[in-house]
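Visitor: Please take me through one part of this model up close. I would like to start from a single side chain and work outward.

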Amino acid sequence: MEGSGSGIYENHPYVPRDLKLSGFVPGFLSQSTIVGVYGLSSLLVVLLTWLFSGRPPKKSKIDRWLMCWWAFTGLTHIILEGYFAFSPEFYKDKTACYLSEVWKEYSKGDSRYAARDAGVVAVEGLTAVLEGPACLLAVYAIAKGKSYSYILQFAISLGQLYGTA
């Protein structure tokens, strides 16, 4: 919706203000609710991974922490970033779906996500489809003592550096 003929769209909280997001629906969940759910879910994943990794044959504490990290990271990539990559109109969601709410809130800090910047979508898609499963494969490789676990962790880490850059 344009305001006072100024060409500024006032129906979304993103910058630039003239970003066209027809059908935008404001978020239903507060930032603290979103962070709280994510934090508790993450804690549950880490706790369960830690507990299961302590069963025979027991792994070292370093391997157990690495398994926790890769499980947390892999599920974050697959679930959160996968939702973003494959839900191009998350900003129109009227159901208070947690995952669309995450991206509505995240886009306040980086509007390229709401604008569906091609570079961002490509990187997030690759991360969700390749790095997420690779992280879970790393958990398995560490648990089973596979020789490829180190090179796999190195490759995933390089992918993370690429995505960050």
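Guide: Lysine 104 is buried, because its relative accessible area of 2% falls under the 20% cut-off. This is a predicted model. Lysine 104 sits in helix H3, which covers residues 98-106. A polar atom of the lysine 104 side chain lies 2.8 Å from the backbone oxygen of aspartate 93. Asp93 also appears among the contacts of lysine 104 beyond four places in sequence. The others there are Tyr14, Val25, Pro26, Gly27, Phe90 and Tyr91.

Now to helix H2. Histidine 77 belongs to this helix, residues 61-86. Histidine 77 is buried too, since its relative accessible area is 5%, under the 20% limit. Its side chain makes a polar contact with the side chain of glutamate 81, at 2.6 Å. Past four places in sequence, histidine 77 touches Gly82, Thr127, Ala128, Glu131, Gly132, Cys135 and Gln160.

H2 also packs against helix H1, residues 31-53. Their axes are 9 Å apart, at an angle of about 140 degrees. H1 is therefore oblique to H2. The crossing is right-handed. On the H1 side, the contact uses Tyr38, Ser42, Val45, Val46, Thr49, Trp50, Leu51 and Ser53. H2 contributes Lys61, Arg64, Trp65, Met67, Cys68, Ala71, Phe72, Leu75, Thr76 and Leu80. By class, this contact has twelve nonpolar, four polar and two charged residues.

Note on methods
Residues are numbered from 1 along each chain as its sequence is written. This is a predicted model: local features need pLDDT of at least 70, side-chain atom pairs count only at pLDDT 80 or more; totals for chains, interfaces and linings use all residues. Side-chain values use heavy atoms; hydrogens and water are left out. Helices (H or I, at least four residues) and strands (E, at least two) are DSSP runs, numbered from the N terminus. Buried means under 20% relative accessible area, exposed over 50%, partly exposed in between (1.4 Å probe, protein chains only). A polar contact is a pair of N or O atoms within 3.5 Å; within protein, one must be able to donate a hydrogen and the other to accept it, and residues adjacent in sequence count only if both atoms are side-chain atoms. Contact means heavy atoms within 4.5 Å. Axes are lines fitted to C-alpha atoms, for helices over the stretch in contact, and angles run from 0 to 180 degrees between N-to-C directions. Angles under 35 degrees count as roughly parallel, over 145 as roughly antiparallel, 65 to 115 as roughly perpendicular and the rest as oblique. A crossing is left-handed if the near helix is turned anticlockwise from the far one by less than a right angle, and right-handed if clockwise. Ala, Val, Leu, Ile, Met, Phe, Trp, Tyr, Cys and Pro count as nonpolar, Asp, Glu, Lys and Arg as charged, and the others, Gly among them, as polar.
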